[in-house]
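User: I would like to learn how to read a model like this one. Please start with enclosed space, then go on to the metal site and the sheet.

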Amino acid sequence: MTRIQVDAVSIHFGGVKALQDVSLEVRKGEVLALIGPNGAGKTTLFNVISAIYQPTSGRVRLEGQDVAGLAPFQLAHKGLTRTFQNLQIFFRMTALENVMVGRNIRERGNLFGYLFGLPSVRRQNADSRLCALELLKFVGLDRYADRPAGELSYGILKRLEIARALALEPTVLLLDEPVAGCNATETAEIDQVIRKVVSTGVSILLVEHDIHLVMNLADKVHVLDRGVTLATGTPQEVRRNPAVIEAYLGESQDEQEPANAES
Ligand SMILES: Nc1ncnc2c1ncn2[C@@H]1O[C@H](COP(=O)(O)OP(=O)(O)OP(=O)(O)O)[C@@H](O)[C@H]1O
Ligand SMILES: [Mg+2]
């Protein structure tokens, strides 16, 4: 079942062709990794898929429906949610409250009702707390439930963001650099969380510079370079693609697989 269908998407910012004729498809329970050098257009594509940007041409369909013109909460109701390249955490709220914010957006489409404690929203809070606690358990952070987010380490906050995104009960989750800035231990923990999410049938679109994580986690890899699709395929196919090795994987690839030098 196709969840996300990107058809010949181009987007231009003035003279910058940030994406040119990019097409991809993500199916149920699949992990598609989007890789490429800085400025390749990865976040831009996320912004087009989540209807923040309107493409210059082409279109994006979620479960067959065009996403153009939908507000973020409408997309969330249709199953699409995302995390951002830069942390979007409320530092003065507890970890639990940060997840509850996600939950309340889903239930009310109204972040401000939650923030200002409107009565209708208060009634839902008991239920939201339980759900949020379950989600913290799911990502292994229940012991931090009542700690202010501002006291938690960066790696934990990256996991907390995933928990909050899951509060929207997505069928498609877009993760923009989920392990950027994380150490090896934190990366391994987030890797496990992503695997657990996928095992529930959620489809994942992953932007990540950590090639090791990408190659281990992804079913399909889509390589962008200056807005253009350079290669697509399984991790094995992509890592052997000479254009990819030259443009992106570079020396570290040669170090890992010296046998490839002949191809
Ligand atoms: N709103 C915008 N206005 C003008 N140019 C933009 C805008 N958004 C993105 N761009 C340009 O589009 C190109 C792609 O940027 P994008 O942020 O998508 O790259 P990226 O692949 O996510 O890079 P990184 O790995 O550094 O996060 C860049 O040249 C960027 O300057
Ligand atoms: Mg980016």
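User: Which residues line the largest cavity?

Analyst: Rolling a probe the size of a water molecule over the atoms shows where empty space is left. In this predicted model, the lining of the largest cavity consists of Thr83, Phe84, Lys158, Glu161, Ile162, Asp176, Glu177 and Pro178. Helix H6 (residues 154-166) gives the largest share, three residues. The space inside is about 30 Å³. One cavity of 30 Å³ or more is counted.

User: Next, the metal. Which atoms coordinate the magnesium ion (ligand 2)?

Analyst: Look for donor atoms within 2.8 Å of the metal. Here they are OG1 of Thr43 and OE1 of Gln85, at 2.0 to 2.3 Å. Thr43 sits in helix H1 (residues 42-49), while Gln85 sits in the loop between strand E6 (80-82) and helix H3 (95-108). They are 42 residues apart, so the pair links distant parts of the chain. Water is not among the atoms, so the site may look incomplete.

User: How exposed are Thr43 and Gln85?

Analyst: Partly exposed runs from 20% to 50% relative accessible area. Thr43 has 25% and Gln85 has 34%, so both are partly exposed.

User: Now the sheet. In what order do the four strands lie?

Analyst: The order is E2-E1-E4-E5, an open sheet with antiparallel pairing. Strands E2 (16-27) and E5 (65-66) are at the edges; each has a single partner strand, so one side of each lacks a neighbour in the sheet. E5 pairs with strand E4 (residues 57-62) over two bridges. In one of these strands, E5, Gln65 is the bridge partner of Leu62.

User: What does H1 lie across?

Analyst: H1 lies across strand E1 (2-13), E2 and E4, at about 115° to E1.

Definitions and conventions:
Residues numbered from 1 in each chain as written. Chains lettered and ligands numbered in written order. Predicted model: local features only at pLDDT ≥ 70, side-chain atom pairs only at ≥ 80, totals over all residues. Heavy atoms only, no water. Donors = N, O, S within 2.8 Å, 3.2 Å for Na, K, Ca; no water. Buried < 20%, exposed > 50% of the residue type's maximum accessible area, 1.4 Å probe, protein only. Pairing = 2+ DSSP bridges. Contact = heavy atoms within 4.5 Å. Axes fitted to C-alpha atoms, helices over the stretch in contact; angles between N-to-C directions. 1 Å grid on protein atoms, 1.4 Å probe; cavity = no way out; pocket = protein on both sides within 12 Å on 5 of 7 lines; lining within 4 Å. Points joined across faces, edges and corners; volume = space filled by probe spheres on them.
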